[in-house]
There are 2 protein chains.
Amino acid sequence: MSGGFEAVREIGRRIHLLTHINALLGWDQEVYMPDGAIAERAEQLSYIEGLVYDETTSKDLGSALRELGASEEAPRGKKGLGDIESAHVRILFNMYRKQTKLPKQLVMETAKETSIAQNKWVEARKKKDYKLFEPHLARLLELTAEKIEKLGWKEHPYDVLLDDFEPGATTATVTPVFARLREGLKDLVQQIGAAEQVDAGFVTRRYDRTKQEQFGRNVLEAIGYDFNRGRLDISAHPFTTTLGADDVRITTRYNENFFNTGIFGIIHEAGHALYELGFSDEIRGGILADGTSLGIHESQSRMWENMIGRGFSFWKRYYAKLQSLFPEPLQDISLEQFYRGINKVEPSFIRVEADEVTYNLHIILRFELELALITGELSPANLPDAWNSKFADFFGITPPNDAEGVLQDIHWSMGAYGYFPTYALGNLYSAQFFTAMKKAMPDIEEKIEAGTFTEILRWLREHIHASGSIYTAGEVCRNISGSDLDPGYFLKYIDKKFGAVYGLSGR
Amino acid sequence: MSGGFEAVREIGRRIHLLTHINALLGWDQEVYMPDGAIAERAEQLSYIEGLVYDETTSKDLGSALRELGASEEAPRGKKGLGDIESAHVRILFNMYRKQTKLPKQLVMETAKETSIAQNKWVEARKKKDYKLFEPHLARLLELTAEKIEKLGWKEHPYDVLLDDFEPGATTATVTPVFARLREGLKDLVQQIGAAEQVDAGFVTRRYDRTKQEQFGRNVLEAIGYDFNRGRLDISAHPFTTTLGADDVRITTRYNENFFNTGIFGIIHEAGHALYELGFSDEIRGGILADGTSLGIHESQSRMWENMIGRGFSFWKRYYAKLQSLFPEPLQDISLEQFYRGINKVEPSFIRVEADEVTYNLHIILRFELELALITGELSPANLPDAWNSKFADFFGITPPNDAEGVLQDIHWSMGAYGYFPTYALGNLYSAQFFTAMKKAMPDIEEKIEAGTFTEILRWLREHIHASGSIYTAGEVCRNISGSDLDPGYFLKYIDKKFGAVYGLSGR
């Protein structure tokens, strides 16, 4: 192997280490840091980010990448490189290309404006007043336009943004996928709306926090999350973070008056964590030991959360245990009632509380609005009206205020445009992967019902986790299923599942 | 101000930031990190230490220091620099001088051997077998001799080691101080041994852990530890660590069958933390925002722990509260009995469990053995015999095995020779400072009894905390008391306190 590759790998290793140190700074900030420490913590984070910037823009990296043949035309380097080598080139060239094209002035200005915009967003959401946030959104969109221009695009400016979160995805590939998904979903939502409704009243009874955690820890152990290589803590917003090859921590929050938040949050984050804990020794400690895209990452969290955790087989195994932990709220609820209740479908205003069926509509709505904002068809001033009218079109209801509408998500205040689509892509991938897994393991539901998840985890490791970022999301998908991303798998999955939950005919 | 100083200050600021990031990595490792994460955490720590090494050996630092006139002969730089400027030069020149004189090979070899020696020490202590540790101690002493030779010395080779922990202290200044202290202590210990003994049986009754913590938190709040700028957690060995200007955390451990461990551990660490939280805005965020020496640091922890926390006035205030929290173990114990019990003096084998009087003898013993090891008068092979015979001489008892004797402390396995004296220096400084404070605040005992610590903390901030490392330990001592360190203050303090506890005549 050439010295160029060794240099690239070593720089990747250092970036990877810095990313983990950054993750500890971030984890601590959300979980245990005293409030007063925030100012210096921001400096510490920015210092580490500065070191990452230095690494990703270094002359050493540039010349090593050139030696390996990397260029705009050959982002994976010259022909004949092995999978691991060309993956290093692909990822580090993409970082190098972006960082060296963006003027430091723009990066710093964006960091500053983002910080201001986030504060303003918090205030605006609290006051339910979009007008407070509007000028800051406008400014962030200007800076984003500048970024798009500096980085350059071929087919669509939005492609530049997608690439930050879902490398390989383009507006041209995502648009028809979402269009088909949207039609299928609207149809199903209508049928469910016309069917007899599910009673989910029990989910808002009282569930003791300590017992929720106890149950969550039992489930984590059962599905193969290793507490010797991770932790479960509490934070305002649940997340998973990787602090080391053997240190992937998850957080959740508990709502004593809403059952779903705690346990499904835990299983969701565990899905992310199992991915990060499953990288092979071959890529351990280097830049490839990372999820290959946010969509693939989300496929893992959603598969565990929804296809396994909200499945009937899972609760056939665990419902008696749950009932014994929570006799009061669950004594009069049968397994079937419980299963239908946790799978109730209902148009609602808040994305993060949405059911499996309507969830993707929330995403498509944001995707369409983002596209219009980026192309300039929609101005920030008209965003709330666009949101509300599209919402009424998609869901048949109109948000009562901006806090429950256009201001609900943090992403736009962080300048994270192009992020939302990955949530829906994750749902679609999860169904496509689960179908392949079921084909390879026809008795998968029996395994879940028996509470034995070893083979499921082994399959996921072999086909998705182990390779980390060696393959792109598209390659992972084709390797597993033999075809590109196809929303048909997801539509078939929800048609079947929710057709049964709601007793729809012909499904 | 010259550009040279701005460069020095900026490098100091970066080192300071890196030190805080390192502190988070260390804190997390001791408190919350999953076991499996240890291997990569070591890499992360070593990476950050590498960055600190790069900063402290940089050509930029060297030339900026030269511009300010720093040299072996003028370690504070040229005349006419202000206090803050010359303190920057003093500290960074010392770092630069040491790091550039030590060959990287020696530093790396020492790090490797230390890591091995620590593991061997753990094993040896467990097996109570010094022989397992001996060759590693011998190797570390060889490397230490090499370090001393590279760094160079004038009066005594041990001075090089003292300088790492107590800058300004020398073998020549410490030796007579300890000699006088030793005589005074032996005399007092003998008199106490001949007096009627104190019954401290109640301290080993059962004290619920949760209530210990509750009481500890109340005390922390009362004495002015701000939980908005810190935390209290649990770790195997109590420590205080600074993760930011507004983030100084303490840890403790609780022993349900030994009252003293938890609460006095908490007050001790709080004394360290209050120092680190009290730096003035003038030095905030820079290299001077640090304790000026370990001895001065220890003076703060020991003053709060012993002079305040183990004082009669303190328990006049808090004993009723303690009794109400622990009615079972304390119902039959009067305030006077309690006070005498927590101040029981008794020769014992383990330093960290020693009382205020015998504690310093443990230190002097180690100091004398270290001196002999460094000069070569004592060989590692003869260390256990030397330990045991000196122990018998000092305390009248002989350790039953190596684990309770020569193997009890971690320091020698870490290569930390020259560290132990700072513990005793801290005790001596604390009495000298407390005397000065009492002179300025004659009603200090009434304030403690009233539970109002504001003025005490204000005095400590003004005279010790605020200036951080601007002044050396010696300067701080002279500024406060008008004289150099004088063990007479401490001897007078313990004579009076323990004379009363034991009803000794003529004291």
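Biologist: What makes α10(A) oblique to α11(A) in this predicted model?
Modeller: Start with the packing. Helix α10, residues 259-276 of chain A, packs against helix α11, residues 294-308 of chain A, at an angle of about 135°. Roughly perpendicular ends at 115 degrees, and roughly antiparallel needs over 145. The value of about 135° falls in neither class, so α10(A) is oblique to α11(A).

Biologist: How far apart are the axes of α10 and α11 of chain A, and which hand does the crossing of α10(A) and α11(A) have?
Modeller: The axes are 7 Å apart. The crossing of α10(A) past α11(A) is right-handed.

Biologist: Turn to chain B. How do you know that the span of α11(B) is close to the expected one?
Modeller: Helix α11 of chain B covers residues 294-308, 15 in number. From first C-alpha to last, α11(B) reaches 20 Å. At 1.5 Å a residue, 21 Å is expected. The two values are close.

Biologist: Where is the kink in α11(B) centred, and what is its angle?
Modeller: The kink is centred on R302(B) and amounts to about 35°. That angle lies between axes fitted to the seven residues ending there and the seven starting there.

Biologist: Why is α11(B) called mostly covered?
Modeller: Buried means under 20% relative accessible area. Of the 15 residues in α11(B), 14 are buried.

Biologist: What makes S293(B) a cap of α11(B)?
Modeller: S293(B) caps the N-terminal end. One of its side-chain oxygens lies 3.3 Å from the backbone nitrogen of G295(B). A polar contact requires N or O atoms within 3.5 Å, and 3.3 Å satisfies that distance limit.

Biologist: Is V160(B) buried or exposed, and how do you know?
Modeller: V160(B) has 8% relative accessibility. The limit for buried is under 20%, so V160(B) counts as buried. V160(B) sits in helix α7 of chain B, residues 158-165.

Biologist: What separates V160(B) from I266(B)?
Modeller: Along the chain, 106 residues. Between their C-alpha atoms, 33 Å.

Biologist: Why is K128(A) called partly exposed?
Modeller: Its relative accessible area is 47%. Buried needs under 20% and exposed needs over 50%, so K128(A) is partly exposed. K128(A) lies in the loop between α5 (104-127) and α6 (130-151) of chain A. Its phi is near 55°, a positive value in a residue other than glycine.

Biologist: What is the phi of K128(B), and where is K128(B) placed?
Modeller: K128(B) has a positive phi of about 55° and is not a glycine. It occupies the loop between α5 (104-127) and α6 (130-151) of chain B. At 47% relative accessible area, K128(B) is partly exposed.

Terms used: Residues are numbered from 1 along each chain as its sequence is written. Chains are lettered from A and ligands numbered from 1 in the order in which they are written. This is a predicted model: local features need pLDDT of at least 70, side-chain atom pairs count only at pLDDT 80 or more; totals for chains, interfaces and linings use all residues. Side-chain values use heavy atoms; hydrogens and water are left out. Helices (H or I, at least four residues) and strands (E, at least two) are DSSP runs, numbered from the N terminus. The expected span of a helix is 1.5 Å times one less than its number of residues. Buried means under 20% relative accessible area, exposed over 50%, partly exposed in between (1.4 Å probe, protein chains only). A polar contact is a pair of N or O atoms within 3.5 Å; within protein, one must be able to donate a hydrogen and the other to accept it, and residues adjacent in sequence count only if both atoms are side-chain atoms. Axes are lines fitted to C-alpha atoms, for helices over the stretch in contact, and angles run from 0 to 180 degrees between N-to-C directions. Angles under 35 degrees count as roughly parallel, over 145 as roughly antiparallel, 65 to 115 as roughly perpendicular and the rest as oblique. A crossing is left-handed if the near helix is turned anticlockwise from the far one by less than a right angle, and right-handed if clockwise.
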